[in-house]
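Trainee: I'd like a close look at one part of this model, the sheet and whatever packs against it. Could you walk me through it slowly?

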Amino acid sequence: MNRKKYNISVEATLEVIGGKWKCVILCHLTHGKKRTSDLKRIMPAITQKMLTQQLRELEDDGIVNRIVYNQVPPKVEYELSEYGWSLEPILNALCNWGEQHIVKEYGDKSAMLEDNGLNHFDSDENKELIKQ
């Protein structure tokens with residue numbers, strides 16, 4: 001079997017969590033188990049096909065667990081695996097950088113971020129981020 005060689009280790013990270021949606025999905029899962037319909041509701045721009053594909057890839061890579069409940073109607077939930085939780089510092093760093101970038105570019109993150117309970121809005125914090 002021929003193994004892939006990486007030029008730099010970040011390539012291996014991006015192979016698992018790269019793309020437009022995987023980090024967004026993972027950030028939502030840091031707030032607890034979610035059904036596919038929950039993720040679709042809080043990520044309205046993602047198609048059902050893409051959401052399903054991304055969840056399958058994350059499951060195949062051991063990042064999320066798919067929990068199937070034996071009931072009618074069927075119920076499936078997704079949660080971060082123990083291995084997936086090891087990404088939490090990376091996800092937090094990406095969110096923090098994104099907030100700083102929004103403040104730098106737009107001045108007020110509350111105007112650019114959805115008020116969905118995942119984002120924190122504080123005008124003093126915005127001022128501090130602008131100084132950095």
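Mentor: Here is a tour of the sheet, followed by the helix on it and the core around them.

Keep in mind that this is a predicted model. For orientation, the chain has eight helices and three strands, and along the sequence they run α-α-β-α-α-β-β-α-α-α-α. So much for the overview; on to the sheet.

The three strands make an open sheet, ordered E1-E3-E2, with antiparallel pairing. E1 (34-35) and E2 (64-69) are the edge strands, and each has a single partner strand, so one side of each has no neighbour in the sheet. Strands in a sheet pair through backbone hydrogen bonds, and they can do that in a parallel or an antiparallel way.

Take the E2 and E3 pair. E3 covers residues 75-80, and its antiparallel pairing with E2 runs over six bridges. If you want to follow the register on screen, put Val 68 opposite Val 76 in E3, then find Ile 67, whose bridge partner in E3 is Glu 77. The two strands are joined by a hairpin of five residues. Click through that loop between E2 and E3 and you'll meet Pro 73. The peptide bond joining Val 72 and Pro 73 is cis, with omega at about -5 degrees.

Now the other side of E3. E1 and E3 also pair in the antiparallel sense, over two bridges. Lys 34 has Tyr 78 in E3 as its bridge partner.

Next, what sits on the sheet? Back to the E2 and E3 pair with its six bridges: helix H2 (residues 22-29) packs on the sheet and touches E1, E2 and E3, with its direction at about 95 degrees to that of E3.

H2 has a helix partner too. The axes of H1 (residues 10-17) and H2 come within 8 Å and cross at roughly 75 degrees, so the two helices are roughly perpendicular to each other. Where they meet, H1 supplies Glu 15, Val 16 and Ile 17, and H2 supplies Lys 22, Cys 23 and Leu 26. Sorted by type, the residues of that contact are four nonpolar, no polar and two charged.

That brings us to the core. In soluble globular proteins, nonpolar side chains tend to be buried together. Here the largest nonpolar core has 20 residues, and Ile 25, Leu 26 and Val 64 have the most contacts inside it. The elements giving two or more residues to this core are H2, helix H4 (48-60) and E3. H2 gives the most, with five residues.

Zoom in on Val 64. Leaving out residues up to four places away in sequence, Val 64 touches, among others, Leu 26, Leu 29, Leu 55, Leu 58, Tyr 78 and Leu 80.

Leu 80 is a good place to finish. This residue lies in strand E3, and since buried means under 20% relative accessible area, Leu 80 counts as buried at 5%. Beyond its neighbours within four places in sequence, Leu 80 is in contact with Leu 26, Leu 29, Thr 30, Ile 63, Val 64, Asn 65 and Trp 85. Look at Thr 30 in that list: Leu 80 and Thr 30 are 50 residues apart in sequence, yet their C-alpha atoms are 7.0 Å apart in space. Across the chain, residues 24 or more positions apart make up 42% of the contacts with a separation of 6 or more.

Notes. Residues numbered from 1 in each chain as written. Predicted model: local features only at pLDDT ≥ 70, side-chain atom pairs only at ≥ 80, totals over all residues. Heavy atoms only, no water. Pairing = 2+ DSSP bridges. Helix = DSSP H or I, 4+ residues; strand = E, 2+ residues; numbered from the N terminus. Contact = heavy atoms within 4.5 Å. Axes fitted to C-alpha atoms, helices over the stretch in contact; angles between N-to-C directions. Core = buried A, V, L, I, M, F, W, Y, C linked by side-chain atoms within 4.5 Å. Buried < 20%, exposed > 50% of the residue type's maximum accessible area, 1.4 Å probe, protein only. Parallel < 35°, antiparallel > 145°, perpendicular 65-115°, else oblique. Nonpolar A, V, L, I, M, F, W, Y, C, P; charged D, E, K, R; others polar.
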